[in-house]
Amino acid sequence: MSFETEYQKWLGQENLESYLKDQLEKMTDAEKEDAFYRSLEFGTGGMRGVVGPGTNRMNVYTIRKANEGFAQYLLKNVENAKERGIVIAYDCRHFSPEFAMESAKVMASHGIKAYVFESLRPTPELSFAVRHLQAAGGIVVTASHNPPEYNGYKIYDETGCQLVPADADQVIALVDAIDDVFSIDVQSEAELKEAGLIQMIGKEIDDVYTERVKALEINPDCNKKDLKIVFTPLHGTANMPVRRVLTECGYEQLHVVEEQCVPDANFSTVKSPNPEEASAFEMAIHLGKEIDADILIATDPDADRVGLAVKNPEGEYVLLTGNQTGAILIHYILSQKKAHGTLPAKGKVFNTIVTSDMGAAIARSYGYEVVSTLTGFKFIGEQARLIEGTDYEYIFGYEESYGYLIGDFVRDKDSVQSVLMCAEAAAYYKEHGQTLYDVLMELYDTYGCYREALVNITLKGKEGADKIQAILADFREFTPITIAGKEVVAVEDYKESIRTELTNDSTTTIDLPKSNVLKYTLADGSWFVLRPSGTEPKAKIYIGVIADELEKADEQVAKIKEDVLARVNQIIA
């Protein structure tokens, strides 16, 4: 069916909400095509899209369609799904409360009890609640760190983990089989509440979750009173849980960016509500300089990711990358547990194929196995489940994109846990005369100078999507021989599940789910990865190097970036 046919179908709906009809009538031809040329797809972070009318948009009808498919999946695959129910949470974005309740109504109309948080909550608390209530699954309405015009929808299994591809594909098939989004039967909220099929939840889950997070402390008696913290939730859901945890754990000098503690769907005080972006720290840095803060902390809108800024020797605030924060956390957790005699005999640390090797080097120095998954924290959550009941203990999991999980009572990345551990590490090292920057420099001295870069190439709409696919197709067909003056010695094609050693043309199988990702390793151990974003209209280039000096490492990163971008720009020109 053409996009114009779909557009006319929507426009002709008699009971279509007036605000949606108004938007349809004002669309240009290009806007029509982008809104209707496809249906929203599930990516690494679930389903995300611009809010508005259309099959490629987030609206009440695409939400109903997604929930209809998920409800059918739960009834077919999860024992006692109706009685166990589903937990639903949402963030501060446009239409998040409405989409959450619409999700509850679809589920409840199928007889599946819906536990709905009474107000906005962090994504990790949703994961925790699924496990705590022993529910059949979970839903969170969020677009994480995407721009304000976006919203999204993530689904969780009975273990509190986002659905991995084998399960998500079943849901997608059921969703795709729904021909008419306007025919989905949904009962009223009042009727479903009266029948006990929709139940509001809140404080009782908050209290248990908070206590579990607080129990993660390793050095609860370290000097917390002298640590000056600046915290900003960037208008999102971390405000209350982070402040509660830090306060109850004894951090007395907690200063918040008041303007950014207010939930705001437009994220009015930032260019992007993304702690990966330096601009997100502007107000935190200003406050930090006023009070001479030791550490600045920012979380994204749904509170599953956290960014840090720490002081360098010149007294300037330096933003840490996700890889650097992950390495510091691994080092702190393992070294302090070793000092306390609480290190597990056997354990595993989890990262992804685009994560720096530095954290892995630290973990291996303690004798722990490191498992690398595809990008997407659901794969780390899956690994945590797979080691249940074995001799191995979950030690730590993280992604370069600022997501960390310390205690696996949650099965998604958790900024509330991470903020607490980052604050504890900062307090502990300050007590011993060091900053987190000092610790990072020591890790470079011990393990080598690992440096990384991430390049995002935004390519919007159908034309952009085609260009992103063209980039991957071109690199896949024509393997680069040299990059930055270094020979390319290996290629890992995750779509074909094959690693090829170019020096002798031998191949091995990659035992991971198939994904449109290419990884190239150079003769000096440097590497770069190409993949399409699963949550935004972007092509992503990841770069990683190691050298004996920071300057040399940074030069190599710059050279790889220059060469790869030159070829990418040729392809999309």
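**Notebook: loops, helices, salt bridges and spaces**

I started with Asp391, which is found in the loop between helix H15 (377-386) and strand S15 (393-399). I am working on a predicted model. Is Asp391 buried or exposed? Asp391 is exposed, because its relative accessible area is 59% and the cut-off for exposed is over 50%. I then checked what lies across from this loop residue. Asp391 and Gly347 sit 8.0 Å apart, C-alpha to C-alpha. In sequence, 44 residues separate Asp391 from Gly347.

**Entry: helix H13**

I took H13 next and checked its span. With 19 residues at 1.5 Å a residue, H13 should span 27 Å. The end C-alpha atoms of H13 are 27 Å apart, so the span agrees with the expected value. I then looked up burial. In H13, 15 of the 19 residues are buried, so the helix is largely enclosed by the rest of the structure.

I picked one residue in H13, His331. His331 has a relative accessible area of 18%. That value counts as buried, because the cut-off is under 20%. Which residues does His331 touch, leaving aside those up to four places away in sequence? I found Ile362, Tyr366, Tyr429, Val439 and Leu443.

I also looked just past the end of the helix. Gly341 comes just after H13 and takes a positive phi of about 70°.

**Entry: helix H11**

Which residues of helix H11 (residues 239-248) are buried? I noted Asn239, Pro241, Val242, Val245 and Leu246. I then asked what covers them. The cover includes helix H10 (203-214) and helix H16 (415-431). Strand S8 (228-232) and strand S9 (253-256) are also part of the cover. Just after H11, I found Gly250 with a positive phi of about 100°.

**Entry: salt bridges**

I looked up the total and got 37 salt bridges in the structure. I went through a few of them.

Glu158 pairs with Arg84, with the closest N and O atoms 2.9 Å apart. This pair links distant parts of the chain, 74 residues apart. Glu158 is in the loop between strand S6 (150-156) and helix H8 (165-176). Arg84 is in helix H5 (residues 81-84). I checked exposure on both sides. Glu158 counts as partly exposed at 37% relative accessibility. Arg84 also counts as partly exposed, at 24%.

Arg93 and Asp91 form a salt bridge at 3.8 Å, N to O. Are Arg93 and Asp91 buried or exposed? Both are buried.

Glu118 bridges to Arg121, with the closest N and O atoms 3.4 Å apart. Here I noted two classes of exposure. Glu118 is partly exposed, with a relative accessible area of 49%. Arg121 counts as buried at 8% relative accessibility.

I also found a network of salt bridges. It links Lys203, Asp207, Glu211, Lys214, Arg244 and Glu248.

**Entry: second largest pocket**

I turned to open space. The second largest pocket holds about 710 Å³. Its lining has 41 residues. Which of them are closest to the centre of the pocket? They are Glu276, Arg305, Glu400, Ser401 and Leu454. I then listed the elements that give two or more residues to this lining. They are helix H13 (322-340), strand S17 (449-458), strand S23 (527-532) and strand S24 (538-547). I sorted the lining by type and got 11 nonpolar, 16 polar and 14 charged residues.

**Entry: cavities**

How many cavities of 30 Å³ or more does a search of the whole structure find? I got three. The largest cavity holds about 40 Å³ of space. Its lining is made of Ser356, Asp357, Tyr450, Glu452, Gly525, Trp527, Gly544, Val545 and Ile546. The elements that give two or more residues to this lining are S17 and S24. S24 gives the most, with three residues. By type, the lining of the largest cavity has four nonpolar, three polar and two charged residues.

One last cross-check on the two spaces. S17 and S24 are among the elements that line the second largest pocket, and S17 and S24 also line the largest cavity.

Notes: Residues are numbered from 1 along each chain as its sequence is written. This is a predicted model: local features need pLDDT of at least 70, side-chain atom pairs count only at pLDDT 80 or more; totals for chains, interfaces and linings use all residues. Side-chain values use heavy atoms; hydrogens and water are left out. On a 1 Å grid over the protein atoms alone, a cavity is a set of points where a 1.4 Å probe fits but cannot get out, and a pocket is an open set with protein on both sides within 12 Å along at least five of seven lines; lining residues have an atom within 4 Å of a point. Grid points are joined across faces, edges and corners, and a volume is the space filled by probe spheres set on the points. Helices (H or I, at least four residues) and strands (E, at least two) are DSSP runs, numbered from the N terminus. Ala, Val, Leu, Ile, Met, Phe, Trp, Tyr, Cys and Pro count as nonpolar, Asp, Glu, Lys and Arg as charged, and the others, Gly among them, as polar. A salt bridge is a side-chain nitrogen of Lys or Arg within 4 Å of a carboxyl oxygen of Asp or Glu. Buried means under 20% relative accessible area, exposed over 50%, partly exposed in between (1.4 Å probe, protein chains only). Contact means heavy atoms within 4.5 Å. The expected span of a helix is 1.5 Å times one less than its number of residues.
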